[in-house]
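Got the viewer open? Load the model, keep the selection box handy, and we'll walk through it stop by stop.

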Amino acid sequence: MNPLQACLLLSTTLFAIGLVTTLARSDAILVLLGIELMLSAANLNFIAFWHFGPATAPVHGVIFVVFALAVAAAEAAVGMALIIALYRHQKNIRLEEATSLKG
Amino acid sequence: MNFAFSVIAFLILATAAAAMCLRQLVHVALLLVVTWFAIAAFYLWAGAEFVAFAQILIYAGAISMVVLFAVLLTRQAPLSPSLTPAHPGRVVAALSLGGAVAGTMGYAILRTPLAPASAAGPVVSVRELGMELMGSPLAAVLIVGVILTAALIGAVVIAASPGTTKEEESS
């Protein structure tokens, strides 16, 4: 098997694990962690294509991943703040019970 | 196939899948730290040192701490045993959807004729990366700074308690 294909299969499996976590669990923190796993899978793809691809753009793949990491950090901070606000509102973080938009 | 790659891939997938099945949130958060370290090892294996160390700093260092704080702050009781199990219908639906996505993408990957990999991958030093970041993507660097600032201020505003201030409490 081509090593690039092996890397892509690895990131596909990681993406599927994150997707199943996001859809199946009802805990808000686990849903956020599943989203982080999916983002990491996308980053793995960037690095794999950068490493095995044609050497026309020697740094662009790395620059993409740097920006994706920065946005992931911002997303995690806002997500955790939302979870704490949700906990303060309804005293648990089960998503089934978060049915109202009013504070 | 490379032996190191096999070990890294097994570590990433095994810890992520185990974290998906565990019941204790703290255990999930700690297992995902191992996953993020393994992903950093993959970046090192692929020759992207700067991204690997940024991954360790951001994910294994910062995000795992934020997750652990959120887990501890939103606990019901100190010894609350576990999460309530998910609805079985939802688990089946999620597993079938995830399997369909993985199967479709895996089939497409295996059927696509990819160019054979070049012998030596590109190597980029941190100095080159820094010089390149100050070039054409400079506007994006500034925008990312604005995004991070706005996100952190927004996180503080969302998480701050809307209740009373100190003056109101004393009066």
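Is B:Leu129 buried, exposed or partly exposed? Select B:Leu129 and look around: B:Leu129 has 19 other C-beta atoms within 10 Å, so it is partly exposed. The cut-offs run like this: 20 or more other C-beta atoms within 10 Å of a residue's own makes it buried, 12 or fewer makes it exposed, and anything in between is partly exposed, with C-beta atoms placed from the backbone.

Before going on, some housekeeping. This is a predicted model, in which local features need pLDDT of at least 70 and side-chain atom pairs count only at pLDDT 80 or more, while totals for chains, interfaces and linings use all residues. Residues are numbered from 1 along each chain as its sequence is written, and chains are lettered from A and ligands numbered from 1 in the order in which they are written.

**Stay on B:Leu129**

The residue sits in helix α5 of chain B. Helices here are DSSP runs of H or I with at least four residues, strands are runs of E with at least two, and both are numbered from the N terminus. Setting aside neighbours within four places in sequence, select the contacts of B:Leu129: A:Val59, A:Val62, B:Phe50 and B:Val124. Contact means that the C-beta atoms of two residues, placed from the backbone, lie within 7 Å. Now draw a distance from B:Leu129 to B:Phe50: they are 79 residues apart along the chain, but 8.6 Å separates their C-alpha atoms.

**Zoom out to chain B**

Colour chain B by secondary structure and you get seven helices and zero strands. Of its 171 residues, 20% are buried. Take the contacts in chain B between residues at least 6 apart in sequence: 53% of them join residues at least 24 apart. Next, select domain 1 (1–80) and domain 2 (123–159) of chain B; these bounds come from an automatic or database domain assignment. Their centres, taken over C-alpha atoms, are 23 Å apart.

**Select B:3–21**

That's α1 of chain B. How far apart are the end C-alpha atoms of α1(B)? They are 27 Å apart, which agrees with the 27 Å that its 19 residues should span at 1.5 Å a residue; the expected span is 1.5 Å times one less than the number of residues. Show side chains for B:Ile8, B:Ala9, B:Ile12, B:Thr15, B:Ala16, B:Ala19 and B:Met20, which are buried. Look down the axis of α1(B): the buried residues fall within an arc of 145°, so they line one face of the helix. (The arc is that of the directions from the helix axis to the C-beta atoms.) Turn to the other side of α1(B) for the exposed B:Phe3, B:Ser6, B:Phe10 and B:Cys21. What do the buried residues of α1(B) pack against? Light up α1 (3–24) and α2 (28–52) of chain A, together with α2 of chain B.

**Now the whole contact**

Chain B puts in 68 residues and chain A 59. On the chain B side, α1 to α6 each give two or more residues.

**Over to chain A**

Select A:Gly79 in helix α3 (residues 60–90) of chain A. A:Gly79 counts as buried because it has 24 C-beta neighbours inside 10 Å.

**Last stop: confidence**

Colour by pLDDT, the predictor's confidence in each residue from 0 to 100. Chain B averages 84, and 84% of its residues score at least 70. Among the elements of chain B, α7 (residues 166–170) has the lowest mean, 50, and α6(B) the highest, 92. For the complex, the predictor gives an ipTM of 0.89 and a pTM of 0.88.
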